[in-house]
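Could you walk me through this structure, one stop at a time? I am new to this and would like to know where to look.

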Amino acid sequence: MTKSKKDTSVFIYDVIIIGAGPSGLTAAIYASRARLKTLLLEGLSVSSQALVTDKIENYPGFPEGINGFEMIGKFKKQAKLFGTEFVAEDVNTIHPSKWQDTNIWQVDVKDKTYHSISVIIASGAQFRALGVEGEKRLLGRGVSYCAVCDGAFFKDKNVVVVGGGDTAAEEALFLTRFAKKITLIHRRDRLRATRILQERIFSNKKTDIVWNSVVNEILGETKVQGVRVTDLKAKKETDISCDGVFIFVGLVPNTSFVKDIIKLDKDGYVIADSKMKTSRDGIFACGDCRQTILRQVVTACGDGAFAAFSAQQYVDELKGTAYK
Ligand code: NAP
């Protein structure tokens, strides 16, 4: 009887991209066109914010705007066309491979390990929780972080939107399609959102703003019935009745899986230079998970292109195939 020989060969990618938002998919398009052997690991538990954006109207070339789901679908199709492989897996860790030499990175998912010469972190960010009483308990029972997903459940109802940034403004405007009234509660006396969104909020008859106020508690036993709000100037507490609470108070980067490998800032964003290089050779970062002052689809795409270009240079240097 012949013993079956265990296959110890290790299949190595040139680049593994983690995340299938605009930055990761752009990196995939560029890396595949550069003929790098490219694998994109698409998270199972988090999805790109662009995916749940009803209408993206500041991405050049779409004067009427484009639905986020449709846009991501097009990006994906383009990356596949040029040869990117896709696998739906959450990444647990990245570390230097113990296999042969340390120029290879090991990417561990649930039951499997992938090897790659370079890695691009494009894992994005998710919406931050407000952290008040009732928020967790009433999640899915009136509390939501996605108007596109849940807005239709609030037809002719009263809803509250918390936050003053672009997301709060955009989502509040989306909710005007369904809800009877939208009360935006913001902790300052002016909005952070871009001015065109402010104009639309101010001119929409369904939207109302409660300024200088914070939500302390979401009220209701089995479903949302209201919010308890403190007016920071008047130092007065009031209850506002509503059927839904949509929370958009900023982002938390999806970077915990790399916190021991590369440098992050105090908020958890990856520190990367203008070429998207992180603190470790061969690891690049792009898009919303990266420390930056502007988080837009168009800037994420630019980041992705840079990350793929830098990864290509890195891989070519190691393989001795760089064009000099
Ligand atoms: P953001 O810009 O960080 O805004 C978060 C908002 O929530 C701010 O107004 C902030 O108040 C408020 N906030 C934070 N913590 C709070 C708390 N504990 N209680 C009450 N309010 C709180 O986040 P975002 O709106 O989700 O946007 C994230 C990024 O994506 C931004 O770069 C944004 O420009 C971008 N984005 C762009 C578009 C677009 O271009 N159309 C759409 C969506 C998002 P303060 O203002 O007082 O800090």
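**A walk through the model**

A polar side-chain atom of Arg 188 sits 2.6 Å from an oxygen atom of the ligand. Keep in mind as you look that this is a predicted model. Arg 188 has company here: a polar side-chain atom of Gln 296 also lies 2.6 Å from an oxygen atom of the ligand. In the side chain of Thr 167, an N or O atom is found 2.7 Å from a ligand oxygen. The protein covers 79% of the 920 Å² of accessible area that the ligand has on its own.

Now widen the view to the surroundings of the ligand. There are 19 residues around it, and those that come nearest are Asp 166, Thr 167, Glu 170, Arg 188 and Gln 296. Which helix gives the most to the shell around the ligand? That is helix α4, made of residues 166–175, which supplies three residues.

Next, let us visit Asp 54. You will find Asp 54 in the loop between β2 (38–42) and α2 (68–81). Is Asp 54 buried or exposed? Its relative accessibility is 19%, and because buried means under 20%, Asp 54 counts as buried. The side chain of Asp 54 makes a polar contact with the side chain of Arg 177, at 2.4 Å. If we set aside the neighbours within four places in sequence, Asp 54 touches Ile 66, Asn 67, Gly 68, Val 148, Phe 174 and Arg 177.

The cysteines are our next stop. A disulfide is a covalent bond between the sulfur atoms of two cysteines. How many disulfides does the count come to? The count comes to one. This disulfide joins Cys 146 to Cys 149, with 2.1 Å from S to S. The torsion about the S-S bond of Cys 146 and Cys 149 is about 75°, so the disulfide is right-handed. Its two ends can be described one by one: Cys 146 is buried, with a relative accessible area of 9%, whereas Cys 149 is partly exposed, at 43%. Cys 286 is in no disulfide, and the nearest cysteine sulfur, belonging to Cys 289, is 6.5 Å away. Seen from the other side, Cys 289 is in no disulfide either, with the sulfur of Cys 286 as its nearest cysteine sulfur. Why do we say that there is no disulfide here? The sulfur atoms are 6.5 Å apart, and a disulfide needs them within 2.5 Å, so this pair does not count. Cys 286 is buried, with a relative accessible area of 0%, and Cys 289 counts as buried at 0% too.

Cys 289 leads us on to Tyr 269, since Cys 289 is one of the residues that Tyr 269 contacts. Tyr 269 has its place in the loop between β16 (251–253) and β17 (283–285). With a relative accessible area of 10%, Tyr 269 is buried. Beyond the neighbours within four places in sequence, the contacts of Tyr 269 include Leu 251, Pro 253, Lys 263, Leu 264, Asp 288 and Arg 290. Tyr 269 and Val 252 are 17 residues apart in sequence, and their C-alpha atoms are 8.3 Å apart in space.

Finally, look at the charged pairs. How many salt bridges does a search of the whole structure find? The search finds 13. One of them is formed by Glu 85 and Lys 37, whose closest N and O atoms are 2.9 Å apart. Glu 85 lies in strand β3 (residues 85–88) and Lys 37 in the loop between α1 (22–33) and β2, so this pair ties together parts that are 48 residues apart in sequence. Both partners are partly exposed: Glu 85 has a relative accessible area of 27%, and Lys 37 has 35%.

The side chains of Lys 76 and Glu 42 also meet in a salt bridge, at 2.4 Å from N to O. Lys 76 belongs to helix α2 and Glu 42 to strand β2, so the pair links parts 34 residues apart in sequence. Another salt bridge brings together Lys 181 and Asp 208, at 3.7 Å from N to O. Because Lys 181 lies in strand β10 (residues 181–185) and Asp 208 in strand β11 (residues 207–210), the pair ties together parts 27 residues apart in sequence. As a last stop, find Glu 217, Arg 228 and Asp 239, which are joined into one network by salt bridges that share partners.

Methods: Residues are numbered from 1 along each chain as its sequence is written. This is a predicted model: local features need pLDDT of at least 70, side-chain atom pairs count only at pLDDT 80 or more; totals for chains, interfaces and linings use all residues. Side-chain values use heavy atoms; hydrogens and water are left out. Helices (H or I, at least four residues) and strands (E, at least two) are DSSP runs, numbered from the N terminus. Buried means under 20% relative accessible area, exposed over 50%, partly exposed in between (1.4 Å probe, protein chains only). A polar contact is a pair of N or O atoms within 3.5 Å; within protein, one must be able to donate a hydrogen and the other to accept it, and residues adjacent in sequence count only if both atoms are side-chain atoms. Contact means heavy atoms within 4.5 Å. A salt bridge is a side-chain nitrogen of Lys or Arg within 4 Å of a carboxyl oxygen of Asp or Glu. A residue is near a molecule or strand if one of its heavy atoms lies within 4 Å of it. Accessible areas come from the Shrake-Rupley method with a 1.4 Å probe; for residues, only the protein chains shown count as cover.
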